Amino acid sequence: MHLEIERKYCIPGFSTIRKGLRALGAVMHSRMFEENIVYDTPDRRLCTSNMLLRVRQDDQARITLKLPSSMSSDHFKVMEELETVVEDYEIIKMIFHHLGFIESLRYEKIRETWLIAEGTVACLDHLVFGNYIEFEGDADTIEKTATALGLADSDILTENYHQLNCAFRQAQGLPPDDNFVFSEPERSRLIASLSDNNKDVGRKI
């Protein structure tokens, strides 16, 4: 079982962060559109137990189960994680349905992944409600990288994107909605832009 150590920061945009990552020697690994579906029992047993069962589709399909960890931190979100690639995204959704799981929420994002050091990545995430950088990996490397990128004085976020979406909607006076997906025109525009913008993937510049 993998121990997931991560933190997020809300950022206004990505251009300055990209320059900083390149200066640190980081390499852009991928830029993809993600569709995510979170499943739960009808009585929300997984959510109330701080567990997450998710199916994700980007360049491949995968199942993720996140479990509470005995390790706690005020500066990182720490979870136990089990994840595996699956062959057929639609079949997995059908299996969960027949097992009695329900779709708890659906969300989408554009994720740009940068390799910082062995086992540590930075993900630049564009979501409906904002732009974020999420670090995952070694805690010391995350601390050093965040400081080098000028994020030391920014608020550390340890919430997941569902919680951040709920907080955003409340702050904006919007009605509650667990889902956060792009409108169809915006989704199509973002997906179309990926092929043009992927020329830097794998380049250390």
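Let's start with burial. Of the 205 residues in this protein, 44% are buried. Keep in mind that the model is predicted.

Now the overall build. The protein has six helices and eight strands. Along the sequence they run β-α-β-α-β-β-β-α-β-β-β-α-α-α. How compact is the protein for its length? The radius of gyration is 17 Å, and the globule rule gives 17 Å for 205 residues, so the protein is as compact as a globular protein of that length. Along the principal axes, the C-alpha atoms fill a box of roughly 50 × 40 × 40 Å.

Two more totals. Take the contacts with a separation of 6 or more: 65% of them join residues 24 or more positions apart. The protein exposes about 11000 Å². Carbon and sulfur atoms supply 53% of that area.

Next, a pocket. Rolling a probe the size of a water molecule over the atoms shows where empty space is left. I'll take the second largest pocket, which holds about 210 Å³ of space. Its lining has 13 residues. Closest to the centre are Arg18, Ile110, His126, Leu190 and Ser193.

Which elements each supply at least two residues of that lining? Strand E6, residues 102–117, is one. Strand E7, 120–127, is another. Helix H6, 184–197, also qualifies. H6 gives the largest share, six residues. By class, the lining has five nonpolar, three polar and five charged residues.

Stay with Ser193 for a moment. Ser193 sits in helix H6, and it is among the residues closest to the centre of the second largest pocket. Is Ser193 buried, exposed or partly exposed? Its relative accessible area is 21%, so Ser193 counts as partly exposed. The cut-off for buried is under 20%. For a sense of distance, take Phe96. Ser193 and Phe96 are 97 residues apart in sequence, and their C-alpha atoms are 32 Å apart.

E6 also carries Thr113. Thr113 has 13% relative accessibility, so it counts as buried. What does Thr113 touch beyond its neighbours within four places in sequence? One set of contacts is Val27, Met28, His29 and Ser30. The other is Val121, Ala122 and Cys123. Strand E2 spans 27–40, and strand E7 spans 120–127.

Now a buried residue in a loop. Phe76 is in the loop between strand E4, 61–68, and strand E5, 77–86. Its relative accessible area is 10%, so Phe76 is buried. Leave out residues up to four places away in sequence, and Phe76 touches Ile5, Glu6, Arg7, Ala139, Ile142, Glu143 and Thr158. Phe76 and Arg111 are 35 residues apart along the chain. Their C-alpha atoms are separated by 20 Å.

Here is a lysine to look at. Lys93 is in helix H3, residues 89–98. Is Lys93 buried or exposed? At 17% relative accessibility, Lys93 counts as buried. Leaving aside neighbours within four places in sequence, Lys93 is in contact with Ile37 and Tyr39.

On to the backbone. Most residues other than glycine have a negative phi. Two residues here go the other way. Arg44 has a positive phi of about 60°, and it is not a glycine. Asn50 also has a positive phi of about 60°, and it is not a glycine either.

Where do they sit? Arg44 lies in the loop between strand E2, 27–40, and helix H2, 45–48. Asn50 lies in the loop between H2 and strand E3, 52–57. What about exposure? Arg44 has a relative accessible area of 31%, so it is partly exposed. Asn50 is partly exposed too, with a relative accessible area of 45%.

Last residue: Gln170, in helix H5, residues 161–171. At 67% relative accessibility, Gln170 counts as exposed. Gln170 and Gly20 are 150 residues apart in sequence. C-alpha to C-alpha, Gln170 and Gly20 are 33 Å apart.

To recap. The protein is as compact as a globular protein of its length. H6 supplies the largest share of the lining of the second largest pocket. Thr113 in E6 is buried. Arg44 and Asn50 each have a positive phi. That's it from me.

Conventions: Residues are numbered from 1 along each chain as its sequence is written. This is a predicted model: local features need pLDDT of at least 70, side-chain atom pairs count only at pLDDT 80 or more; totals for chains, interfaces and linings use all residues. Side-chain values use heavy atoms; hydrogens and water are left out. On a 1 Å grid over the protein atoms alone, a cavity is a set of points where a 1.4 Å probe fits but cannot get out, and a pocket is an open set with protein on both sides within 12 Å along at least five of seven lines; lining residues have an atom within 4 Å of a point. Grid points are joined across faces, edges and corners, and a volume is the space filled by probe spheres set on the points. Helices (H or I, at least four residues) and strands (E, at least two) are DSSP runs, numbered from the N terminus. Ala, Val, Leu, Ile, Met, Phe, Trp, Tyr, Cys and Pro count as nonpolar, Asp, Glu, Lys and Arg as charged, and the others, Gly among them, as polar. The radius of gyration is taken over C-alpha atoms; the globule rule is 2.2 Å times the number of residues to the power 0.38. Buried means under 20% relative accessible area, exposed over 50%, partly exposed in between (1.4 Å probe, protein chains only). Contact means heavy atoms within 4.5 Å. Accessible areas come from the Shrake-Rupley method with a 1.4 Å probe; for residues, only the protein chains shown count as cover.
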